[in-house]
Amino acid sequence: MSLKRHERYISVDHFSDTSRAAALAVTLAAASVFLPTALAAQRPCDPVSAVPSASHDLYCIHLFPAAGSSATGTAELDWIPGPFTVNVAKDGTNRWAVRFSLHDLPPLPPGPAPGYVAWVMPQSLTPMRRLGTVHEGTTALGPFALQSFLVHVSAEPDTTAATRQGRLVLRGESAATRLRPADNYEFFLGGIGVPREQDEHAHHMGAAPDSLGWTGIPMYPGLDMLPSEMALRPPMAAWSLPERPNAPAARPREVVTLADGDTLDLTAGVVRRTLAGRSYTMFGFNGQYPGPMLRVPQGAQVIVRFHNALPLPSTVHWHGLRLDARFDGVPGLSQPAVEPGESFTYQLVFPDGGIFWYHPHVREDIQQDLGLYGNIFVQPSLPDAWGPVHREEFLILDDLLVGEDGLVPWGRDEPTHAAMGRFGNLLLVNGEPDWRLQVRQGEVVRLFLTNVSNTRTFNLSFGAGARLKVVGSDLGNFVRESWAESVVIGPAERYVVEVRFEEPGPVAMLNAVQGQDHMNGRFFPVVDTLGVVTVTAARAQPDLAQSFNALRTDRFVANETTALLRGNQGLPPERVLELRAKWVGLPFVTERLMRVDSLYHNPVEWAGTMPGMNWATIGPQAQWTLRDHATGRENHEIDWRFRKGDLVRIRLVNIRETLHAMQHPIHLHGQRFLILAVNGVAADDPAWKDTVLVPAGAAVDLLVEMSNPGPWMLHCHIAEHLQSGMMMTVNVEES
Ligand code: C2O
Ligand code: CU
């Protein structure tokens, strides 16, 4: 049975673009009278339209009639508007709102309160959870959190009953239920392997691994891996930073307060770092790790003289600053790369308040990973931009891949880990594996979070006794603050949150997610402790409980964004970018594993649970692609031109049919944007952003304000995806 389902899916995967286009053209002709509405809706269960939209397969569950019923229906898994494009519970389980669309429901049984009831349950059938009553037509219910589940609709004599009594009318299963150990059929196929001469691709790419300098990488603890997967090696020379035992020991970062007109010297160089008892040669800015935190007032102008003391060419990109394009730090677009021993002078401006960061824009997969990153805190000019707190902390989230012999080497000419990106196994906060903070009971702390990891999306939360409020993101506040159980933060994103520590004792700061055990077709909880906050019994003064308990509205952001949001939501996108991949010359086992893996794509790939095949897949094999839907042009061929002042609706669609589709944190340099909708559901609490996490199979509608002239990069911020080509240029001309 599972084999059949599999075949059906594979045929989808092989859809040629022409047959797709033909199918769409037919639909379009039939629907052309209603085109504007058809274009505007595009939720997962809507009929297919000419403009790519949210994945039907992942987010729309077809309900099938139970015996004796002729009812039909769908259960749409909807985005829940809020500060994150992905909804998960504190433990990383997907959370959904669900919209039922039901037709031809059978007559109801007699009883005290007859009606139809919807239920959700794991595949084991227990516990069966009552979602609520449904009726002919559309009913919105939820939210609930389940990773893979069944949906039932029953005809009940008494709709108030907590358990199902009545007859089953409709049933369906979420896409994740396709992951079953039965599909190990495919894994065994991959496990058998093939003689090398029969493996065309291995033949092409093949070379004796050890001569390239690769040893091995740590496997994911507790998971089974195929021998043929573990034998894979990147088909390319390895690169490591030569050991320099005498390099200076890195110092913790310093805060550098800069006033308008000030100049800072910033040197990227080699340092020694000791992490979890082992010492490594790494990189740092001004001998610090993370790099110095720049503190500047909003509206200031500052000069940074960058010196490259690295053994590699580099630049500095000022992530999120709407500055002059000449100082954006992109080699080949805004400046030549700064060679070792050379310098470059940047002029920075800070039009927006909040938290920003800087990093090299050359081989980020190596340079950023080795420690070249720092925060910029721009003090907002509005005095009451945030509510009162006892203290502010700036936390940079990162991970590092450590093997038995030290840091796992990088690819010399191209990145390794070009499939899912380089997941580390040592999680770091401000460069430290065990971050600590001591606070008093009742203390309110504002945390400025920045994710600088190559690929890892964090689902950050605190243990019991701490409450968390989301205040702002990349370029300023949300219109309304909101409570959250956890913070989902993709690479390069920033979130501003406030936490009140309400009880004395230790409170862990956690990254809790659902890892995917590909061998056994299941998800399992992954919990990492990022650090510990010790809450002392002494009470924080003054008591900020009252102000903390209130959710503030930012009138300034509301004034800037409300009309923009209302005026653009529901209108069709003006540009559509498809996020795709092409795979070239993969080894047999990798290709087979990816096919099995494509039965289902979790919205976010949270953990590196396929370490071997991921590691051994290199840049040229993984051609991650931005495709302009209108022209079919891809990556650097795309030539988008706008005028300063334009407001442009851009849809990013993460194409589900892509082999090994996964989330992409898409970043646009030099501008700011609002999220209008996710999977056709309108956003209702905007904040200006520069990076957005686009979940697998999702469609995210943006409103981009083209406020800053120049040529600007738009790219995926997974370092390995960027390096394998997932980038384009957006040109904004002076109007
Ligand atoms: Cu942090 Cu091109 O960006
Ligand atoms: Cu990507």
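# A tour from the nonpolar core to the copper site

Begin by selecting Trp318 and Ile376, the residues with the most contacts inside the largest nonpolar core of this predicted model, a core of 110 residues. A nonpolar core here is a set of buried Ala, Val, Leu, Ile, Met, Phe, Trp, Tyr and Cys residues joined through side-chain atoms within 4.5 Å, and buried means under 20% relative accessible area, with exposed over 50% and partly exposed in between (1.4 Å probe, protein chains only). Strand β11, residues 263-275, supplies the largest share of this core, six residues; helices (H or I, at least four residues) and strands (E, at least two) are DSSP runs, numbered from the N terminus. In soluble globular proteins, nonpolar side chains tend to be buried together.

Before moving on, note the conventions: residues are numbered from 1 along each chain as its sequence is written, while chains are lettered from A and ligands numbered from 1 in the order in which they are written. Because the model is predicted, local features need pLDDT of at least 70 and side-chain atom pairs count only at pLDDT 80 or more, whereas totals for chains, interfaces and linings use all residues, and side-chain values use heavy atoms, with hydrogens and water left out.

**Around Ile376**

With Ile376 still selected, display its contacts (heavy atoms within 4.5 Å). Leaving out residues up to four places away in sequence, Ile376 touches Leu294, Val296, Trp318, Leu321 and Phe350, and also Gly354, Ile355, Phe356, Trp357 and Tyr358. Then select Phe84, Tyr220, Leu460 and Trp606, which are included in a second, separate core of 43 residues.

**The whole chain**

Zoom out to the full chain, which has 13 helices and 43 strands and whose C-alpha trace spans about 80 × 70 × 60 Å along its principal axes. The radius of gyration, taken over C-alpha atoms, is 26 Å, which agrees with the value near 27 Å for a compact globule of 735 residues, where the globule rule is 2.2 Å times the number of residues to the power 0.38. Of the 735 residues, 60% count as buried, and among contacts with a separation of 6 or more, 78% are between residues 24 or more positions apart. A surface display would show an accessible area of about 27100 Å², of which 55% belongs to carbon and sulfur atoms; accessible areas come from the Shrake-Rupley method with a 1.4 Å probe, and for residues only the protein chains shown count as cover.

**The copper site**

Select ligand 2, the copper ion, together with its protein donors His664 (ND1), Cys716 (SG) and His721 (ND1), which lie 2.0 to 2.1 Å from the ion. Donors are N, O and S atoms within 2.8 Å of the metal (3.2 Å for Na, K and Ca), and since water is not among the atoms, sites may look incomplete. Along the chain the donors follow the spacing H-x51-C-x4-H. Distant parts of the chain are linked here, with His664 in strand β37 (residues 664-668) and Cys716 in strand β42 (residues 710-716), 52 residues apart. His664 is buried at a relative accessible area of 1%, and Cys716 is likewise buried at 0%.

**Leu150 and its surroundings**

Go next to Leu150 in strand β7 (residues 150-156), a buried residue with a relative accessible area of 12%. Its C-alpha atom is 5.8 Å from that of Gly172, 22 residues away along the chain. Neighbours within four places aside, Leu150 is in contact with several residues, among them Trp119, Met121, Leu125, Gly172 and Thr177.

**Ser453 in its loop**

Ser453 sits in the loop between β25 (444-451) and β26 (458-462) and is buried, at 1% relative accessibility. Its side chain reaches the backbone oxygen of Arg456 at 3.0 Å. Residues up to four places away not counted, Ser453 touches Gln368, Leu397, Asp398, Asp399, Phe458 and Pro491.

**Backbone geometry**

Most residues other than glycine have a negative phi, and most peptide bonds are trans. Select Thr126 and Pro127, which are joined by a cis peptide bond with omega about -5 degrees; Pro127 lies in the loop between β4 (115-121) and β5 (129-134). The peptide bond from Gly142 to Pro143 is also cis, with omega near 0 degrees, and Pro143 belongs to strand β6 (residues 137-145).

Finish at Arg363, which is not a glycine yet has a positive phi of about 40 degrees. Arg363 is placed in the loop between β17 (354-359) and α8 (364-367) and is buried, with a relative accessible area of 12%.

Key:
Polar contact = N/O pair within 3.5 Å; in protein donor to acceptor, adjacent residues only side chain to side chain.
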